[in-house]
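Trainee: Could you take me through one part of this model closely, and then connect it to the rest of the chain?

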Amino acid sequence: MASTSQISQQLVDFISISIAPIIDLRPESEFRLGHIAGSANFPGSNLFDNLHRLPRKTQPLRLVGYLPLLNQVVQTLEDKGYSIDANLAWNEVFATQLEAMGKFETGNTSAILWKPASIVEYFVDRFSQKQHQQQKVALDLGCGAGRDAVYLALNGWQVTAVDYLPAALEKMQQLALAHRVNVTSAQIDLENSTFPLSDFNRLFDLIVVIRYLHRPLLTQIRDKISPGGYIVYQTFMEGCEVFGKPKNPRFLLKKGELAKVFAGFELLVDKIEYLDDGRPTNIFIARRTED
């Protein structure tokens, strides 16, 4: 049986071994009573429904929790391609030791480990502050698990997130709930209607589209952006077929295609960004000039 000093050293080693994010696998009720400062809470029983809330697989992780679930999660994450820097079996004496180290926190504030699309993060950093109105209204088309929509909501946007999959919208709402923001869900099949955006009887200050292309929507998107509003777009370009999916030309932008659709807008960003696997994407930001 390990001594108190040995347990203390295990804790010190775990905290100092790297700057990798710490994921606490204990139930939320126990996390709330005390945890390592700066850690994120993902109860092990539902972690695998929340992989979209983890960092990219290139980011190593540290895990803390109870045995034997801790070992099971480590094995499963490694099987899925994640790298685990260290893992630590939680011991009740840790609370006192963490307090002495200045590394103890209470409450249910969980660290944010995920990131939105880089172009969305760039937009918020560089251009979002120029929107001075009290309510900045955004539309996220093909929102998926909702990282971009929730990130915008965390940065003061009133967001409507659209997807045709109920499971995607449910994940988005769970993510919004976890971060205590409101995002409106809209289940719409964007490809099964001539004018799917006619459901919205307003213009938007921002429309975001990430990794999705349905060409008949492009002019509708353009017409739904308010004067002074922005389009933020990133999706796959011709050349992806060399690396894998998508291969169908329907889903691959041509070079300069978005610039033509949004001709007359103020062009802010229009360049190629390569994903980690080599696939080219077009990242695009443009602002509709004031009418």
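Mentor: What follows begins with one sheet and the helix on it, and then moves along the chain to other elements and to the salt bridges.

The model is a predicted one, and the part I would look at closely is an open sheet of four strands, whose order is β3-β1-β4-β5 and whose pairing is parallel. At its edges stand β3 (40–41) and β5 (84–89), each with a single partner strand, so one side of each has no neighbour in the sheet. Strand β4, which covers residues 61–65, pairs with β5 in the parallel sense over five bridges. Two of the residue pairings can be followed directly in the structure: leucine 61 has isoleucine 84 in β5 as its bridge partner, and arginine 62 stands opposite alanine 86, again in β5. Between these two strands the chain passes through α3, going from β4 to β5 in a β-α-β crossover that is right-handed. Helix α3 (residues 69–79) packs on the sheet and touches both β4 and β5, while its direction makes about 165 degrees with that of β5.

Leucine 61 also leads back to an earlier stretch of the chain, since its C-alpha lies 8.9 Å from that of isoleucine 19, although the two residues are 42 apart in sequence. Isoleucine 19 is found in the loop between α1 (4–16) and β1 (22–24), and with a relative accessible area of 85% it is exposed.

Histidine 35 offers a contrasting environment. This residue belongs to strand β2 (residues 35–36), and histidine 35 is buried, because its relative accessible area is 0%. Its side chain reaches the backbone oxygen of phenylalanine 31 at a distance of 2.7 Å. Leaving aside residues up to four places away in sequence, histidine 35 touches a set of residues that includes Asp24 and Arg26, then Trp90 and Leu98, and also Lys103, Phe104, Glu105, Thr106, Gly107 and Thr109.

Further along the chain, another β-α-β unit can be examined in a similar way. It is made by β8, α7 and β9, and it is right-handed. The strands β8 and β9 run parallel and are joined by five bridges, and within this pairing valine 162 has alanine 186 in β9 as its bridge partner. These elements also bear on helix α6 (residues 147–154), of whose eight residues six are buried, so that the helix is largely enclosed by the rest of the structure. The buried residues are Asp148, Ala149, Val150, Tyr151, Leu152 and Ala153. What covers them includes β8 (157–163), α7 (166–178) and β9 (183–187), together with α5 (118–126), β7 (136–141) and β10. Just after α6, glycine 156 adopts a positive phi of about 90 degrees.

Turning to charged side chains, a search of the whole structure finds nine salt bridges, and I would look at three of them. In one, the side chains of arginine 215 and glutamate 257 meet at 2.6 Å, N to O. Arginine 215 sits in the loop between β10 (204–210) and α8 (218–223), whereas glutamate 257 is in helix α9 (residues 257–261), so this pair ties together parts that lie 42 residues apart in sequence. The two partners fall into separate accessibility classes: arginine 215 is partly exposed at a relative accessible area of 27%, while glutamate 257, at 14% relative accessibility, counts as buried.

Another of these salt bridges joins glutamate 266 to arginine 287, with the closest N and O atoms 3.8 Å apart. Here glutamate 266 belongs to strand β12 (residues 266–274) and arginine 287 to strand β13 (residues 280–287), so the pair ties together parts 21 residues apart in sequence. Glutamate 266 counts as partly exposed, its relative accessibility being 38%.

The remaining example is the salt bridge in which the side chains of aspartate 277 and arginine 279 meet at 2.8 Å, N to O. Aspartate 277 counts as partly exposed at 42% relative accessibility, whereas arginine 279 is buried, with a relative accessible area of 16%.

Terms used: Residues numbered from 1 in each chain as written. Predicted model: local features only at pLDDT ≥ 70, side-chain atom pairs only at ≥ 80, totals over all residues. Heavy atoms only, no water. Buried < 20%, exposed > 50% of the residue type's maximum accessible area, 1.4 Å probe, protein only. Polar contact = N/O pair within 3.5 Å; in protein donor to acceptor, adjacent residues only side chain to side chain. Contact = heavy atoms within 4.5 Å. Salt bridge = Lys/Arg side-chain N within 4 Å of Asp/Glu carboxyl O. Pairing = 2+ DSSP bridges. Axes fitted to C-alpha atoms, helices over the stretch in contact; angles between N-to-C directions. Right-handed = clockwise from strand over helix to strand, strands pointing away.
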